[in-house]
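Trainee: Got a minute to walk me through this one? I'm new to it.
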Amino acid sequence: MGQIKLNQVTKRFGEVEVIPPLDLTIEDGEFTVFVGPSGCGKSTLLRLIAGLEDITTGHIEIDGNDATNVPPAKRGLAMVFQSYALYPHMSVRKNIAFPMKMAGIDEAEQNRRIDSAAKALNLTDYLDRRPGQLSGGQRQRVAIGRAIVREPAAFLFDEPLSNLDAALRVGMRLEISELHERLKTTMIYVTHDQVEAMTMADKIVVLRAGIVEQVGSPLELYHTPRNEFVAGFIGSPKMNLIKGAEAEKHGAATIGIRPEHTDVSKTEGMWKGVVGVAEHLGSDTFIHVHETGLGDLVTVRITGDIQAKHGDTIYLTPQMDKLHKFDAQGLRIG
Amino acid sequence: MARAVTQQRKIINTAAAWGIGLLIFFPILWTILTSFKTEAQAIADPPIFLAFDWTLENYAVVMERSNYMRFLWNSVIIAGGSTLLGILVAVPAAWSMAFVPSKRTKDILLWMLSTKMLPAVGVLYPIYLIFIKLGILDTRTGLVIVLMLMNLPIIVWMLYTYFREIPGEILEAARMDGATLKEEILYVLTPMAVPGIASTLLLNFILAWNEAFWTLNLTAVNAAPLTAFIASYSSPEGLFFAKLSAASTMAIAPILILGWFSQKQLVSGLTFGAVK
């Protein structure tokens, strides 16, 4: 069991309120991702759940028990840190054994769990090495191994992949997702990378300045963002947000259209513009269009490779059923 | 050409370094040399550098006159005891200052250091009277306590500096892994800080070994360490430089040997974090 419930939780550092009153429930077995720009309070929120920071007011419940004043060691949660936070003076085996040693688990059981974790994480050959002799990806696996053997109520991940290179990051992303499929344990994952959020999460919590902007499944956030911030944050490349006369035609203060929901033609369309930069990825082409009379640069995404170069005139037509409308407060209309 | 200049500069630098090193070491060298002279040669004018009749007589006299081993043992107990006790008190203090600092932590650190700015003689009377009241005058226990207190600011400062280099996330990981505060300090912090703790131990052992104000003023016979042993040869009934030098050499020899063998540790410890 690993349901985590936050009731009116706040956090202040001196005079600064980092987390205004916040309610949130994370269901048992769910993979929840906290995502937001840096400084949005997502890591602080995770540390509050872990017990590494004291909450200022409010309550935290873990499995129905009030954990507000329970020290981190007693919350039954395991955490994986961005810097891996391995014990440099211990071998991999001792690192993984440490939480079990602290819990007083007998040695035979310790070894059984170490061996099964090492096997699952491809660490069997490295058990006698020190963390300093491992690569970044291996270190992160050791950190995950150390978390698994505790059989925690929930796993907390604090930007665990940010220190890895791009290729390794994709691999580890899959490994963590597979781990979740296998263990079915509650996981809370903090990241600023919306691709990680979209690919891994059952539920995404979008945060800005300590405020929950929207909670939902990845596709809910993609299809029906509650406000302009979420619309702009989820999706890559970013949604085009257009204000002014063009928006007013649709009865909104702002309209939004995703780059992949815009049709392109060389001869006719709703908006006329000039190609600025065309990025050819092979599978897709991103075209950045300016001089559309819509204010900002408009980005479109076309499947496949199309011929477009700097200075070409181009016509854009948004798919009307995919158009997002927002009012003057930035909230979704309809 | 550029290379030649560098080479020349290298030679000058090396020579200068050796010169300064010898200058600093010269008093100790002179003490050691004098300890092998006769009393007459020791005060000869002009001074004799090496061409004297080498003799071990001073050592024989000193060994005969005083119980060197007793002084040595007192020094070991007092320096070792005060250093170990200091570490035990300072590790938790430095832990809290490095990892859970408050608004006042910097002030406390500076205040602690400021106690070192007070001349020791300023508190001689109160401490002397307290020692009499507690009945610990001329005891090793008394000296262990007073030397520990004298060196505590330095021990805390040194450990604080080393602990600051240890990433807090590792200690947080230990906390998440179920370690209590004691286990966190014992199994994670201390092993990681071993090089720092070792050089702190070493430096404070040397400081306590050489401490001469309190050891001379608070001891008479029973707890007198090697500093008192040296002082007993700067005698009121005339100067015996050769014997004084022999006593001094015997007093500094153990610490000199210890320092020599651990110099690598000491240097790396003292410059730890200097480049960060």
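Mentor: Sure, let's take the chain contact, then a helix pair, then a sheet. This is a predicted model, where local features need pLDDT of at least 70 and side-chain atom pairs count only at pLDDT 80 or more, while totals for chains, interfaces and linings use all residues. Residues are numbered from 1 along each chain as its sequence is written, with chains lettered from A and ligands numbered from 1 in the order in which they are written.

Trainee: How many residues does the contact take from chain B and chain A?
Mentor: Chain B gives 15 residues and chain A gives 18, counting residues as in contact if their C-beta atoms, placed from the backbone, lie within 7 Å.

Trainee: And which helix brings the largest share on the side of chain B?
Mentor: H8(B), with 6 residues. Helices here are DSSP runs of H or I, at least four residues, and strands are runs of E, at least two, numbered from the N terminus.

Trainee: Switching topic: at what angle do H7 and H10 of chain B pack?
Mentor: About 155 degrees, with the axes 10 Å apart; axes are lines fitted to C-alpha atoms, for helices over the stretch in contact, and angles run from 0 to 180 degrees between N-to-C directions. That makes H7(B) roughly antiparallel to H10(B), the word for angles over 145 degrees.

Trainee: Which residues meet there?
Mentor: Among them, Leu147(B) and Tyr162(B) in H7(B), and Gly196(B) and Ala208(B) in H10(B).

Trainee: What's the strand order in chain A's open sheet?
Mentor: E2-E1-E4-E5, with antiparallel pairing; two strands pair if DSSP finds at least two bridges between them.

Trainee: How many bridges join E1 to E4 there?
Mentor: 5 bridges join E1(A) to E4(A), and Asn7(A) has His59(A) as its bridge partner in E4(A).

Methods
Two residues are in contact if their C-beta atoms, placed from the backbone, lie within 7 Å. Angles under 35 degrees count as roughly parallel, over 145 as roughly antiparallel, 65 to 115 as roughly perpendicular and the rest as oblique.
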